[in-house]
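Here is a short set of exercises to work through with the coordinates open beside you. Try each task yourself, then compare your steps with the worked solution.

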Amino acid sequence: MADRFLFFAEVPRLTTPIPERAMVIMAHPDDPEFFCGGTVALWCADGTEVSYLILTNGNKGSDDPEMTPEKLVPIRRAEQQAAAKILGVKEVIFFDEPDGELEPSLDLRKRVVTEIRRYKPDTIIAPDPTRYFFANRYINHADHRAAGVVAIDAIFPAARNRMYHPELLAQGLEPHTVKEVHLFGTEQPDLWVDISEVFDTKIKAILCHSSQIKEPKALQERVAERAKGIDEYGREVFREGFRVMRIG
């Protein structure tokens, strides 16, 4: 297991345990596979019980003039279910918020807290809400940032504090403390996970999202190029990077 956690000269040495239960909180169908599909595949293979929270329905994710938001929603839901199955994810929970309109409201926080208390994850993967730009080539989607904000606010202090959303106690949903948060898309990763052995599985899961892919071969090449790295032993590997917060 230790060999999967790679250390680069510019990154402090950090290891993190394989969680018993994990939750991935994302804005859109296909976000988990692109951003952390390799890590999820490794965890599932090692027995981690992984659940997804997909906050929007992805109903704006098409430029096809023949497509409508109403037709797109069930397509993207089915694609996400298929991709999650390939990775070994136990359950996918869809919140069905409109794509492009996600806001970190108190109501949305309560819904996320509800699922955190229900599934009791040790570790949560979520977007880094502070990341607005990637170099000079990409503006981070507003839904990604909103998903990160609501995830962080739900994790601390709301999910662990019984004074927050006390009506959940009547449903038997006691406070739960998440031990680690792994933020993806961060500017300062301190953990790199070697996903080389499951990279093909990650690609297979990504390709389930066919409504989002115009040129599958070119996409695979881009994903591979972005995932390449050199570990401390000089080996070329595929990896996913996270900023880890330990708050348990």
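**Exercise 1.** In this predicted model, find which residues V24 is in contact with, leaving aside its neighbours within four places in sequence.

*Solution.* Start by discarding the neighbours within four places in sequence, then list what touches V24: P32, C36, V40, V50, S51, Y52, L53 and I125. Next, place V24 in its wider setting. The largest nonpolar core has 36 residues, and V24 is among those that touch the most other members, together with V40, V50, Y52, V89 and I125. Helix α1, residues 31–45, gives this core its largest share, six residues. Finally, look beyond this core: a second, separate one of 28 residues has M23, V112, A126 and V181 among its members.

**Exercise 2.** Decide whether E115 is buried or exposed, and list its contacts.

*Solution.* First locate the residue: E115 lies in helix α3, which spans residues 106–119. Then apply the cut-off. Buried means under 20% relative accessible area, and E115 has a relative accessibility of 10%, so it counts as buried. Now collect its partners, again leaving aside neighbours within four places in sequence: E115 is in contact with M23, L53, I93, F95 and K120. As a last step, take the C-alpha distance from E115 to L173; these two are 58 residues apart in sequence and 9.0 Å apart in space.

**Exercise 3.** Describe how helix α1 packs against helix α5, from axes to residue classes.

*Solution.* Begin with the axes of α1 and α5, which come within 9 Å and cross at roughly 135°. That angle makes α1 oblique to α5. The crossing is right-handed. Then read off the residues in contact: α1 supplies E33, F34, F35, C36, G37, G38 and A41, while α5 supplies T201, K202, A205 and I206. Sorting the residues of this contact by class gives six nonpolar, three polar and two charged.

**Exercise 4.** Repeat the analysis for α5 and α6.

*Solution.* Helix α5 covers residues 199–206 and helix α6 covers residues 216–227; their axes come within 11 Å and cross at roughly 140°. Oblique is the right label for α5 relative to α6 on that basis. Handedness comes next, and the crossing of α5 and α6 is right-handed. On the α5 side the contact involves F199, K202, I203 and I206, and they meet L219, Q220, V223, A224 and A227 of α6. The class count for this contact is seven nonpolar, one polar and one charged.

**Exercise 5.** Check the backbone: what are the phi values of D96 and K120, and which residues does a cis peptide bond join?

*Solution.* Take D96 first. Its phi is positive, about 65°, although D96 is not a glycine. D96 sits in strand β4, residues 91–97, and its relative accessibility of 35% makes it partly exposed. Move on to K120, whose phi is near 50°, again a positive value in a residue other than glycine. K120 belongs to the loop between α3 and β5, and at 31% relative accessibility K120 counts as partly exposed. To finish, inspect omega: it is about 0° for the bond between F156 and P157, a cis peptide bond. P157 is in the loop between α4 (142–155) and β8 (180–184).

Methods
Residues are numbered from 1 along each chain as its sequence is written. This is a predicted model: local features need pLDDT of at least 70, side-chain atom pairs count only at pLDDT 80 or more; totals for chains, interfaces and linings use all residues. Side-chain values use heavy atoms; hydrogens and water are left out. A nonpolar core is a set of buried Ala, Val, Leu, Ile, Met, Phe, Trp, Tyr and Cys residues joined through side-chain atoms within 4.5 Å. Buried means under 20% relative accessible area, exposed over 50%, partly exposed in between (1.4 Å probe, protein chains only). Helices (H or I, at least four residues) and strands (E, at least two) are DSSP runs, numbered from the N terminus. Contact means heavy atoms within 4.5 Å. Axes are lines fitted to C-alpha atoms, for helices over the stretch in contact, and angles run from 0 to 180 degrees between N-to-C directions. Angles under 35 degrees count as roughly parallel, over 145 as roughly antiparallel, 65 to 115 as roughly perpendicular and the rest as oblique. A crossing is left-handed if the near helix is turned anticlockwise from the far one by less than a right angle, and right-handed if clockwise. Ala, Val, Leu, Ile, Met, Phe, Trp, Tyr, Cys and Pro count as nonpolar, Asp, Glu, Lys and Arg as charged, and the others, Gly among them, as polar.
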